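Trainee: I am new to this structure and would be grateful for a close look at its aromatic residues and their surroundings. Please take me through them step by step.

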Amino acid sequence: MLMVFFRAILLAIFIALAGCNPSCDVSDWPKAPFSSSAWSSADSRERYKYVRDLIDKHIQQGNSKQHVYTLLGRPDYEAMDGSYVTYVIAHPSNFLSCYFNSIAILHIDFDAKGLVITSYVRFD
């Protein structure tokens, strides 16, 4: 009987936590206004709030890699050939309800001249 009670409590906690986390669908995420200062002062697990505005208005096809670095700072990862960079924007604790142990990543692709081709969110 005690075991059933603890399982019920754990299930209730999991459901409550899952309800507080952002959706796995980026279009459901908040669209907080992006600014370089807000981005740089935010913990990486909170940056997801700025991503929709960032992608929609600030990182456009044809922008230079230097423009991206000016906006976002140095990336968390840069491909050896310079073809893409990534920034961690949310940690697994943000996504309990969908991708177990996934990290949300802002991925930005560049062409051979260092100009943005595309930017999107992926989960690893």
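**Aromatic residues and the core**

Mentor: In this predicted model, the charged end of lysine 65 sits over the ring of phenylalanine 110, at 4.9 Å from the ring's centre.

Let us turn to rings that meet other rings. There are four aromatic pairs in the structure. One of them joins tryptophan 29 and tyrosine 48 edge-to-face, with 5.5 Å centre to centre and 75 degrees between the planes. Because tryptophan 29 belongs to the loop between α1 (2–20) and α2 while tyrosine 48 belongs to helix α3, this pair ties together parts 19 residues apart in sequence. Tryptophan 29 has a relative accessible area of 2% and is therefore buried; tyrosine 48, at 9% relative accessibility, counts as buried.

Another edge-to-face pair consists of tryptophan 39 and tyrosine 87, with 6.1 Å centre to centre and 75 degrees between the planes. It links distant parts of the chain, since tryptophan 39 is in helix α2 and tyrosine 87 is in strand β2, 48 residues apart. Tryptophan 39 is buried at 0% relative accessibility, and tyrosine 87 is buried at 1%. Together with Phe34, Trp39 and Tyr87 form one aromatic cluster.

The largest nonpolar core has 24 residues, of which Trp39, Leu72, Tyr87 and Ile108 touch the most other members. At least two residues of this core come from each of α2 (36–41), α3 (48–58), α4 (65–72), β2 (84–90), β3 (104–110) and β4 (116–123). Leaving aside residues up to four places away in sequence, isoleucine 108 touches several residues, including Leu72, Val85, Tyr87 and Val116.

Technical notes:
Residues numbered from 1 in each chain as written. Predicted model: local features only at pLDDT ≥ 70, side-chain atom pairs only at ≥ 80, totals over all residues. Heavy atoms only, no water. Core = buried A, V, L, I, M, F, W, Y, C linked by side-chain atoms within 4.5 Å. Buried < 20%, exposed > 50% of the residue type's maximum accessible area, 1.4 Å probe, protein only. Helix = DSSP H or I, 4+ residues; strand = E, 2+ residues; numbered from the N terminus. Contact = heavy atoms within 4.5 Å. Phe/Tyr/Trp six-rings, centres within 6.5 Å; stacked < 30°, edge-to-face > 60°. Lys NZ or Arg CZ within 6 Å of the ring centre and 35° of its normal.
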